[in-house]
Structure formats: C-alpha cells, structure tokens
Amino acid sequence: MAASIKAKLQVALLAMAMSAEALVSPDGTGRVPAMGWNSWNEYACDINETVFLEVSDLLVELGLKDLGYTYVNIDDCWSNKELRRDNTTQRIIPDYVKFPNGIDGLAKEMHAKGLKLGIYSDAGTSTCGGYAGSLGYEDIDAAAWSEWGIDYLKYDNCNVPEEWVDEYPYYPEGGYPTPPLGYDYGASKTAQRYGAMRDALLAQNRTIQYSLCAWGHAHVEQWGNGTGHSWRMWGDIYPSWAGQDGYSWGLMPIVNQAARHWNDTGFWGRNDWDMLEVGNGNLTLEESRSHFALWAAFKSPLIVGTRLAGISEEVLSILRARELIDFNQDARHGEGVMPFAYEGEVPPSTNQTAHPPSHYVGTSAKGMHVFLLNSHDEDRDVEVRFGDVPGLLRGRAYLVHDMWTGEDVGVFSGGVTVRVKRHDTAALRINLAKGCAGTQTHPNPQWTPSTSHLF
Ligand code: GAL
C-alpha cells in the first residue's frame, strides 16, 4: 500500500513539473470547473431561441442558478448551414429561423437574468454536424462572439483538413503510430489549431471561458493547461451505465479513464469527462447519483444536459446536491480525487469488463472526502479502513458525514462500513473527531496554480 502511494505521488510530482503555465483569466473565470447547461445531450440539433429562453427561466426558478449553474451553452447547429459565412465580413451567419433575435439578442436576455451564454465551434472546416467551422477564421469568429456577448466557447475537433492532421496523433482509444522518443505533443498540429483560437480569444476585450473538445487526442492533457480552461479527454458520453455505442461511451468506461488521469486536473485547467447525462435515457437514480458524484469528485465541469421542463424532484435533488457541488467548486483545493486501495494499474476504458476503482479520496476546505463507488450489480457493504486512506491518521477517531444527506453518520475508530446500493456512490466527509489530537495531511501533492496572467 505505502509503496504504491509513494509511486503515485512520484508520478504526480513529475506531472506537476511538466505542466505548462495555466490559462489564468480575469475575475476568476475558469479557475474552478464551469457549471451550467448545454443543449446537445437532450436536444442535439433540434434547438432554437425558445429552448434557451425556457432553460434560462428554469435555471433561475429551480434555484440552479443560485447553486452556480450560470452558463447556458449552445452546442452544434446554431448557424445557417447553407450560407455559412457572410461574403463581405466572412462572419458566420446565425440561423435566423432558429434564433430570430440573433445570438446577440439571446446573449442580452441571458445577461439580463444574471446568466452567461456559451457558443460552439470547431477547429476544422466544418463542425461535426456539418456547419461552418472556425479553422483559419479564428480572429473573425472570436471578434464576432465577443461583440455578440458570448462568455464561453466549446471548440470541437471534426473535419480537420489533411494538411492539419498530425503525423503522430494520439487517440486514447488506441490505434495510432508510436511517436519518436521525446515527441512533443504541445507542438502538434492539434495543439496549434487549439492554440490559434486561444490567441484569438485573448485578443478580444472580453473574457471567454475556453473549453477544448479534443477528445483526449494528441495528449491534450499535456498542453491543455496552457491553452484552455478544460479539455475533453474522451469520446462522447451517452446515458448508459456501461458499454459503447459507436463513438459514444457509457459511464463506467469513462470513469476508468478518469481514474487513470486523476492527476491532470487543477485550478484553471481540468479534464472534462463530458456533459452530464443525469436524468437522461434509462439511467437509474443510483446511476445518475454515481455520475454526478464522480464528475463532481474528479472536478469535471458540471454542465447539465437534461430537459429542465418537467424534471423530476429526484433528478433535481441530484443536480442540487450542495455538498457535492461545494467539493467540485472548492476555492482552496483545485485538484480532483485520487483512487486508492486499488491493486495494479487502473484498466483502460476500452476494457469493457473491468470495474473502475471503488475508493477515491480528495480534500476540500472542509476536510477529507472519500467517495465509494459500487459498480457491481448488487448492493454491497463497502469498507473504508482509515489507515488505508492517504492523509488520514491511524488510531484516531473520525467523524463521518454523509455529503448526500448533509447528516453526520457518527464517530468511528479504525474504519467505517457503509451499505452502497447497486451502481450507487457514497460520498463521505471525514474529519478528526472533536478532542482528537493531530492534523490531517493532504493526500495529493499540492497543485500550484500559476501566478502568471496571460491576459
Ligand atoms: C461531438 C462532441 C459532442 C457534440 C457533438 C455535436 O464531437 O463531442 O459533445 O458537441 O460533436 O455535433
């Protein structure tokens, strides 16, 4: 146990030494994971102004805005597919049938409600849906979005022309040529395509949160930190516990990948495990709870992807789980959770039969947190021995608190066993019990946020 933790910490220190200067933006934009709503998972291309206006009303009415869900993000299919760009200005032409008041009109409505508006484009010639992409038009598009009042950009990776394809691409799913020793992915064509849009956004007189949708290609985790505020690490999510459907993957394979990359996340830059499917498809409530708890714990952006009109109280209570949100948004600790009590290497996501690690530990301003995933098909008793938890002290009594209910479970010595339903995740906060001497140490080496300001 001790040896494997030591090895993990050494890897962590190495990763820290290699990390690029972070993209530090004014007013704390992008310091902690983005929270909001995005149209893709539930509406795909079937979007219009009314969808976003209704969502913005509901974010306010349901109390979600007050919990931090402030970005309302338009995904693919917002522009005029035939006309694409204005002949004179070269600007992308919005679809005025879908958005009669233009994107700028919608931005004004969002801002009037204290919300923000996000848009979507692609670092290729066309988006994945075949609408105008931004490659080669970065300055023109960034200027238009800034003028329209856009606050967030999701930048996709479809339709990359031949001359921009990397000789040594890296796909997390495998199937790529081995690069020469010391190959620098930060100098790859993929990094250049995403870097060009970063530079264009930085040249604007407006702060725009920058979300790279590079699907883990070209080892985006190695250069994403200096390029954007978050970077997609994998293909698309779909509302299924496990399995794969074309380029879309269920929750458990994605969790495996997230556990493998636990150390690539910090203030100003983080792995993005894709938008939430909580409330979608056939996910059970327990599965939706695991999804939310783990995305919060890994410090992934929390972008809701479900229909808010008619949302059930149970699903809403998951999205409103305040203590989980607080962990995700913690102002003192930027890093996500680390798997522990796991023997051997975490399996890759392509291994569809492997269970992801069940035990994760992290720290917040409020104490130590342990997340217990039951990926098995039956309810189980899951044990946490305090001596096994990096950062907890042996032989002390601990107060165990349930982050889902907000209630204390009790004071325990040695460890605690909790019943976790099939496919559910327990979320515990663990603090030294009152009157107990000793200090808790941090399980992960501290991520040191960069002090350099790129703006
Ligand atoms: C995919 C992306 C999805 C969604 C879709 C739109 O590439 O990963 O999240 O944006 O394109 O066409």
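By class, the lining of the second largest pocket comes out as eleven nonpolar, seven polar and nine charged residues, and I should say at once that we are looking at a predicted model. There are 27 residues in that lining, and those lying nearest the centre of the pocket are Trp215, Arg232, Gly235, Asp236 and Tyr247. If you want to find the lining in terms of secondary structure, helix 2 (40-43), strand 4 (152-156), strand 7 (236-237) and strand 9 (248-249) each contribute at least two residues to it. The space in this second largest pocket amounts to about 530 Å³.

This is also the pocket in which the ligand sits, so let me turn to the ligand itself. Around the ligand we find Trp40, Asp75, Asp76, Tyr120, Cys128 and Lys154, together with Asp156, Cys213, Trp215, Arg232, Asp236 and Met275. When that shell is sorted by class, six of its residues are nonpolar, six are charged and none is polar, bearing in mind that Tyr, Trp and Cys are counted here as nonpolar.

Which side chains place an N or O atom at 2.5 Å, 2.9 Å and 3.1 Å from an oxygen atom of the ligand? The 2.5 Å distance belongs to the side chain of Asp236, the 2.9 Å distance to the side chain of Asp156, and the 3.1 Å distance to the side chain of Arg232. As for how far the ligand is covered, on its own it has 310 Å² of accessible area, and the protein covers 95% of that.

Now to the enclosed spaces, where the structure holds two cavities of 30 Å³ or more. The largest cavity, with a volume of about 80 Å³, has a lining made up of Asn38, Asn73, Tyr152, Lys154, Ser211, Arg232, Asp272, Asp274, Met275, Pro301 and Ile303. That lining divides into four nonpolar, three polar and four charged residues. Please note that Lys154, Arg232 and Met275, which line the largest cavity, are also among the residues around the ligand.

The second largest cavity has a volume of about 40 Å³, and the residues that line it are Asp76, Cys77, Trp78, Ser79, Ile92, Tyr120, Thr127, Tyr131 and Ala132. By class, this lining has six nonpolar and two polar residues, with one charged. Here too there are residues that we have met already, since Asp76 and Tyr120 line the second largest cavity and also belong to the set around the ligand.

Methods. Residues are numbered from 1 along each chain as its sequence is written. This is a predicted model: local features need pLDDT of at least 70, side-chain atom pairs count only at pLDDT 80 or more; totals for chains, interfaces and linings use all residues. Side-chain values use heavy atoms; hydrogens and water are left out. A residue is near a molecule or strand if one of its heavy atoms lies within 4 Å of it. A polar contact is a pair of N or O atoms within 3.5 Å; within protein, one must be able to donate a hydrogen and the other to accept it, and residues adjacent in sequence count only if both atoms are side-chain atoms. Accessible areas come from the Shrake-Rupley method with a 1.4 Å probe; for residues, only the protein chains shown count as cover. On a 1 Å grid over the protein atoms alone, a cavity is a set of points where a 1.4 Å probe fits but cannot get out, and a pocket is an open set with protein on both sides within 12 Å along at least five of seven lines; lining residues have an atom within 4 Å of a point. A molecule sits in a cavity or pocket if more than half of its atoms lie within 2 Å of its grid points. Grid points are joined across faces, edges and corners, and a volume is the space filled by probe spheres set on the points. Helices (H or I, at least four residues) and strands (E, at least two) are DSSP runs, numbered from the N terminus.
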